[in-house]
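Please work through the exercises below with the sequence and the structure at hand, trying each task before reading its solution.

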Amino acid sequence: MFKQTFSSLFLVMLLANMHTAFSVDPAAEPVLELYMHDILGGSSPTARPITGLLGNIYSSQVPFAKPIGFTVPSNGVAVPNANGAIPTVNGATGLPLGTGLSGTAFAGNTNDQNQNGNIATQLAADGLGLGFGTITVIDDILTSSPDLGSQTLGKAQGIYMASSADGSRQLMAFTAMMEGGEYNDNLNFFGVYKIGSTMSQLSVTGGTGKFKNANGIAELRPLIPPGQHATDGAETLLRVTVHLNY
């Protein structure tokens with residue numbers, strides 16, 4: 001009887017030790033929060049479309065284009081898209097609709113709406129979205145709070161590409177380069193950002209310096225810029241919450 005009781009007690013203790021060894025304490029998971037400012041146009045841009053029709057419009061390589069957008073000159077006639085719509089631009093900045101991480105949010109007017117009240121997808125001659133395939137290079141500022149003028153933590157350098165035909169997805173690949181570190185403290189991110197979604201997730205694919213061997217996920221949430229330090233460009237503000245494992 002004593003031998004059986006001792007064996008049962010030993011088994012309970014062994015299982016308890018195994019649970020302690022293999023359980024993960026959520027509170028111990030390293031979390032890093034960054035605010036990413038993606039700015040198109042204006043006097044201090046941090047992003048530039050370099051390929052695709054929108055990239056050509058942005059860089060003045062199509063007829064009637066201006067450096068920050070698509071404006072038809074006096075007495076000129078705009079060429080409609082495949083769906084018969086005139087290319088839509090932001091009324092304040094002149095940026096082509098669909099450029100950047102905010103999609104149609106920078107349309108600046110209510111023209112070209114579809115039956116759901118949303119801005120209609122601008123189509124190219126092949127019937128795909130006007131922005132499909134556009135690659136944008138970024139050197140975005142990372143700060144400690146939503147205000148653009150708050151403490152700078154580093155830069156997000158890389159690219160994003162319009163990877164869906166309707167322009168609602170951007171494939172992102174960039175490195176967060178931290179300032180002030182003794183070593184080369186960088187984090188690498190890869191994944192799809194969903195325009196209009198309250199939250200998208202990217203993979204943390206590695207890092208250097210104090211982030212060596214790091215992996216995990218990053219949660220990207222779009223925010224409305226607070227406006228204390230306003231920019232004359234079109235800004236997309238993202239809160240980046242990074243959950244790391246080593």
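**Exercise 1: a charged pair**

E219 is buried, at a relative accessible area of 14%, where buried means under 20% relative accessible area, exposed over 50%, and partly exposed in between (1.4 Å probe, protein chains only). This is a predicted model, in which local features need pLDDT of at least 70 and side-chain atom pairs count only at pLDDT 80 or more, while totals for chains, interfaces and linings use all residues. Residues are numbered from 1 along each chain as its sequence is written, and side-chain values use heavy atoms, with hydrogens and water left out.

Task: find which residue forms a salt bridge with E219.

Solution: A salt bridge is a side-chain nitrogen of Lys or Arg within 4 Å of a carboxyl oxygen of Asp or Glu. E219 pairs in this way with R221, their closest N and O atoms being 3.0 Å apart. R221 is partly exposed, with a relative accessible area of 23%.

**Exercise 2: a bridge between strands**

Task: state which strands hold K155 and D139.

Solution: The side chains of K155 and D139 meet in a salt bridge at 3.4 Å, N to O. K155 lies in strand β6 (residues 152-162) and D139 in strand β5 (residues 135-143), so the pair ties together parts that are 16 residues apart in sequence; strands here are DSSP runs (E, at least two residues), numbered from the N terminus. K155 is partly exposed at 26% relative accessible area, and D139 is also partly exposed, at 31%.

Technical notes:
Helices (H or I, at least four residues) and strands (E, at least two) are DSSP runs, numbered from the N terminus.
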